[in-house]
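The following exercises are to be worked with the sequence and the coordinates at hand. Each task is followed by a solution in steps.

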Amino acid sequence: MKRFTLYSSYLLLSLFMVACNRNANEKTEATVAENNTEQAIDDKENNNTKVAFLIYPEIAILDMTGPMDAFIKINRMTENQYDVYTVSATTDVIKTQGHIVEIKAEYTFENAPVPDILIIPGAKLDVVQNLAEQADYSNFIKEQSAQAKTTMSVCTGSFVLGKLGLLDGKKATTHWILGNKFEDDFKNVELVRDVRYVKDGNIITTSGVTTGIDGAIAIIEEYTNPDFAAMASRGLQYETKIAEKWPAMPTKPMNHGDSDPTN
């Protein structure tokens, strides 16, 4: 009887140990599966093309929203291929040009992801010239442009790139009304006229305001494919092009109250 009781005890202990090991293995497998799922999600997110829009006080809003909307349209077709975000020196409220619309950056220079594509919208000339002289902005632009696969300026944003030396030895364009000044300011840059955008190496510069859309579509054509880029263009009801004759310069000096498209 004692032997039977002892044998039964050993049997129950063995069964208990087997059950414990099975539960432990199941928990380990579940943890591994959960970690693999999380890693797969992280890998998917890391595979997204990161597009950073630099924003700052007095920014020209269409310089930003035009190309941004192109990426929004293409994301509907590509399961969010592009991770689009804004970055600035702070996350304080920013008043855009005209002080009608206020915006806030999603990231600051300290915590922003490293972008694959860096986009620098324009503003009034004095604003962008001052921007290039601010150490926090200029350092961020130079550092991120060195790491990004593509850097694009919109309109007068090219003056920022030119002032920081990022266009030296390259072809570039800018707002048509500032072409002569651009040539005077940046002797080491070849100005291309009568175009909506110029791509030289990893830098794209676009002409005035709406041409940021042309530049964004060109990026989508490269990073996604031409068919999807054409679909995004149609979604915007916007006909993209490279060459376009620039408007003629005014034949007389502007008077107070005349429209200046760069202001």
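## Overall architecture

The chain contains 8 helices and 11 strands. The model is a predicted one.

**Exercise 1.** Determine what share of the 263 residues counts as buried, and what share of the contacts with a separation of 6 or more joins residues 24 or more positions apart.

*Solution.*
- Step 1. Buried residues make up 42% of the 263 residues in the chain.
- Step 2. Among contacts with a separation of 6 or more, 68% are between residues 24 or more positions apart.

## Strand 7 and its partners

**Exercise 2.** Establish which strands pair with strand 7, and in which sense.

*Solution.*
- Step 1. Strand 7 covers residues 150-153. Strand 6, residues 117-120, runs parallel to strand 7 and is joined to it by 4 bridges.
- Step 2. Within this pairing, Thr150 of strand 7 has Ile117 opposite.
- Step 3. Strand 11, residues 203-206, also pairs with strand 7 in the parallel sense, here over 3 bridges. Ile204 in strand 11 is the bridge partner of Met152.
- Step 4. The side chains remain to be placed: Thr150 and Met152 point one way, Thr151 and Ser153 point the other way, and all of these residues are buried.

## Packing of two helices

**Exercise 3.** Describe the geometry and the composition of the contact of helix 2 with helix 7.

*Solution.*
- Step 1. Two packed helices are described by the distance and the angle between their axes.
- Step 2. For helix 2 (residues 61-77) and helix 7 (residues 211-223), the axes come within 7 Å and cross at roughly 35 degrees. The crossing of helix 2 and helix 7 is right-handed.
- Step 3. Helix 2 contributes Gly66, Pro67, Ala70, Phe71 and Ile74, which meet Gly212, Ile213, Ala216, Ile217, Ile219 and Ile220 of helix 7.
- Step 4. Sorted by type, the residues of this contact are 9 nonpolar, 2 polar and no charged.

## The nonpolar core

**Exercise 4.** Identify the residues with the most contacts inside the largest nonpolar core, and the element that gives the most to this core.

*Solution.*
- Step 1. Nonpolar side chains in soluble globular proteins tend to be buried together.
- Step 2. The largest nonpolar core here has 64 residues, and those with the most contacts inside it are Leu54, Tyr56, Phe71, Tyr82, Ile119, Phe182 and Ile220.
- Step 3. Helix 7 gives the most to this core, with 7 residues.
- Step 4. Tyr56 serves as an example: leaving aside neighbours within four places in sequence, its contacts are Ser88, Ile94, Pro121, Gly122, Ala123, Val127, Val128, Leu131 and Tyr137.

## Three loop residues

**Exercise 5.** Is Arg196 buried or exposed, and which residues is it in contact with?

*Solution.*
- Step 1. Arg196 is located in the loop between strand 9 and strand 10.
- Step 2. Its relative accessibility is 8%, so Arg196 counts as buried, the cut-off being under 20%.
- Step 3. Beyond neighbours within four places in sequence, the contacts of Arg196 include Thr206, Ser207, Asp214, Tyr238 and Glu244.

**Exercise 6.** State the sign of phi at His99 and at Val209, and place each residue in its loop.

*Solution.*
- Step 1. Most residues other than glycine have a negative phi.
- Step 2. His99 is not a glycine, yet its phi is positive, about 60 degrees. The residue His99 belongs to the loop between strand 3 and strand 4, and at 45% relative accessibility it counts as partly exposed.
- Step 3. Val209, likewise not a glycine, has a positive phi of about 50 degrees. The loop between strand 11 and helix 7 holds Val209, which counts as partly exposed at 27% relative accessibility.

Key. Residues are numbered from 1 along each chain as its sequence is written. This is a predicted model: local features need pLDDT of at least 70, side-chain atom pairs count only at pLDDT 80 or more; totals for chains, interfaces and linings use all residues. Side-chain values use heavy atoms; hydrogens and water are left out. Buried means under 20% relative accessible area, exposed over 50%, partly exposed in between (1.4 Å probe, protein chains only). Two strands pair if DSSP finds at least two bridges between them. Axes are lines fitted to C-alpha atoms, for helices over the stretch in contact, and angles run from 0 to 180 degrees between N-to-C directions. A crossing is left-handed if the near helix is turned anticlockwise from the far one by less than a right angle, and right-handed if clockwise. Contact means heavy atoms within 4.5 Å. Ala, Val, Leu, Ile, Met, Phe, Trp, Tyr, Cys and Pro count as nonpolar, Asp, Glu, Lys and Arg as charged, and the others, Gly among them, as polar. A nonpolar core is a set of buried Ala, Val, Leu, Ile, Met, Phe, Trp, Tyr and Cys residues joined through side-chain atoms within 4.5 Å.
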